[in-house]
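Got your viewer open and a selection tool ready? Let's take a walk through this one, stop by stop.

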Amino acid sequence: MSTKRQLAQQLGVVVGFDNPQADLEQYRTPPAVASHLIHLADLNDDLDGRTVIDLGCGTGMLALGAALRGATRVVGVDLDPDPLETARENRRRVGTNTAVSWLRADATQVPLCPDDPVTVVMNPPFGAQAGNEHADRTFLRTALDIADVSYSIHNAGSVDFVEAFAGDNGGTVTAAYRSSFDLPRQFEFHDADSQEIDVELFRIEWI
Ligand SMILES: C[S@@+](CC[C@H](N)C(=O)[O-])C[C@H]1O[C@@H](n2cnc3c(N)ncnc32)[C@H](O)[C@@H]1O
């Protein structure tokens, strides 16, 4: 197994969004945060022998991390076709042999029902933009419908919400971590060159 740091280096070639859409909260998950999440999934034996589905895959960062770490097959789902094209190119950059498919679909009503056990990985929209509130709740609902385990990134202060959602839906939060990352300025309403975002990572078992 590569180290977490080596995985982050491999994911460093993943390029970001060409034309990021603020309403879809499109930003590339930093390689260090993605490698933390995928390393955790690997240590928990949640990749090998499983279909890994990345909900809101964007540039493919999490999907490709799972592919590099031995997932049996990987599906990346995004509403927007442009990042899916970028994800396809990123797959070539990363150079994995794992079967990876890119699916244009609404992750809140995902048309997938694989036979193999499913692990969901995701950095969903947090619902930070007006009109998009609770976007992460609808993504969690998909995770509980299609997966028996999920790894997700949420904004800081989500622990009560995530634990309550899991508890109300037969799930258990088995691990929770704090992290943070710098987002480069990419939308007009960002004042600074970069903004530090505090986030929380969760592992949830749905059965
Ligand atoms: C925070 S970004 C994460 C991107 C990805 N993990 C990465 O590192 O590039 C959220 C992603 O969710 C996608 N998205 C937003 N709403 C969606 C929906 N209803 N169905 C599918 N994808 C959606 C956006 O297009 C965006 O790519």
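Start by selecting residues 99-104, which make up strand 3, together with strand 2: the two run parallel and are joined by 6 bridges. Keep in mind as you click around that this is a predicted model. To see how the two strands line up, show Val 74 and look across to strand 3, where Val 100 stands opposite. Now trace the chain between them. From strand 2 the chain goes through helix 4, residues 81-94, on its way to strand 3, and this β-α-β crossover is right-handed.

**Stop on helix 4**

While helix 4 is in view, pick out Arg 88, which lies in it. Is Arg 88 buried or partly exposed? Arg 88 counts as partly exposed because it has 13 C-beta neighbours inside 10 Å, and the cut-off for buried is 20 or more. Add Gly 60 to the selection and draw a distance: the two C-alpha atoms are 7.9 Å apart, although 28 residues separate Arg 88 and Gly 60 in sequence.

**Over to the other side of strand 2**

Go back to strand 2 and colour it by burial. Strand 2 is largely enclosed by the rest of the structure, since 5 of its 6 residues are buried. Next, select residues 51-55, which are strand 1; this strand pairs with strand 2 in the parallel sense, over 5 bridges. The path from strand 1 to strand 2 runs through helix 3, and this β-α-β crossover is right-handed. Two places to check the register are Thr 51, which stands opposite Arg 73 in strand 2, and Asp 54, which stands opposite Gly 76 in strand 2.

Stay on strand 1 and turn on its side chains. Thr 51, Ile 53 and Leu 55 point one way, while Val 52 and Asp 54 point the other way, and all are buried. With 5 of its 5 residues buried, strand 1 is largely enclosed by the rest of the structure.

**Helix 3 and the core**

Now select helix 3. How many of the residues of helix 3 are buried? The count is 8 of 8, so colour the whole helix as covered: Met 61, Leu 62, Ala 63, Leu 64, Gly 65, Ala 66, Ala 67 and Leu 68. Just after helix 3 comes Gly 70, with a positive phi near 95°.

Where does helix 3 fit into the packing? The largest nonpolar core has 45 residues, and Leu 37, Leu 62, Ala 66 and Val 121 touch the most other members. Helix 3 gives this core its largest share, 7 residues. Click on Leu 62 and show what surrounds it. Beyond its neighbours within four places in sequence, Leu 62 is in contact with Thr 29, Ala 34, Leu 37, Ile 38, Asp 54, Cys 57, Val 121 and Asn 123.

**Around the ligand**

Bring up the ligand and the 22 residues around it; Thr 29, Gly 56, Gly 58, Thr 59 and Met 61 come nearest. Helix 3 (61-68) and strand 2 (73-78) are the elements that give two or more residues to this shell. Colour the shell by residue type and you get 10 nonpolar, 7 polar and 5 charged.

**Strands 4, 5 and 7**

Return to strand 1 and look for its other partner here, strand 4: the two run parallel, joined by 5 bridges. Val 52 has Thr 119 as its bridge partner in strand 4. Thr 119 also leads you onward, as its bridge partner in strand 5 is Val 149. Strand 4 (residues 118-122) and strand 5 run parallel, with 4 bridges between them.

Select residues 149-155 for strand 5, which is mostly covered, with 6 of its 7 residues buried. From there, hop to strand 7 (residues 194-205), which pairs with strand 5 in the antiparallel sense over 7 bridges. Asn 155 has Val 199 as its bridge partner in strand 7.

Last pick: His 154, which sits in strand 5. His 154 counts as buried because it has 23 C-beta neighbours inside 10 Å. Which residues is His 154 in contact with, leaving aside its neighbours within four places in sequence? They are Phe 126, Asp 136, Val 162, Val 199, Glu 200 and Phe 202. For Asp 136, the C-alpha to C-alpha distance to His 154 is 7.4 Å, across 18 residues in sequence.

Notes. Residues are numbered from 1 along each chain as its sequence is written. This is a predicted model: local features need pLDDT of at least 70, side-chain atom pairs count only at pLDDT 80 or more; totals for chains, interfaces and linings use all residues. A residue is near a molecule or strand if its C-beta atom, placed from the backbone, lies within 6 Å of it. Ala, Val, Leu, Ile, Met, Phe, Trp, Tyr, Cys and Pro count as nonpolar, Asp, Glu, Lys and Arg as charged, and the others, Gly among them, as polar. A residue is buried if 20 or more other C-beta atoms lie within 10 Å of its own, exposed if 12 or fewer, and partly exposed in between; C-beta atoms are placed from the backbone. Two strands pair if DSSP finds at least two bridges between them. A crossover is right-handed if, with the strands pointing away from the viewer, the path from the first strand over the helix to the second runs clockwise. A nonpolar core is a set of buried Ala, Val, Leu, Ile, Met, Phe, Trp, Tyr and Cys residues joined through C-beta atoms within 7 Å. Two residues are in contact if their C-beta atoms, placed from the backbone, lie within 7 Å.
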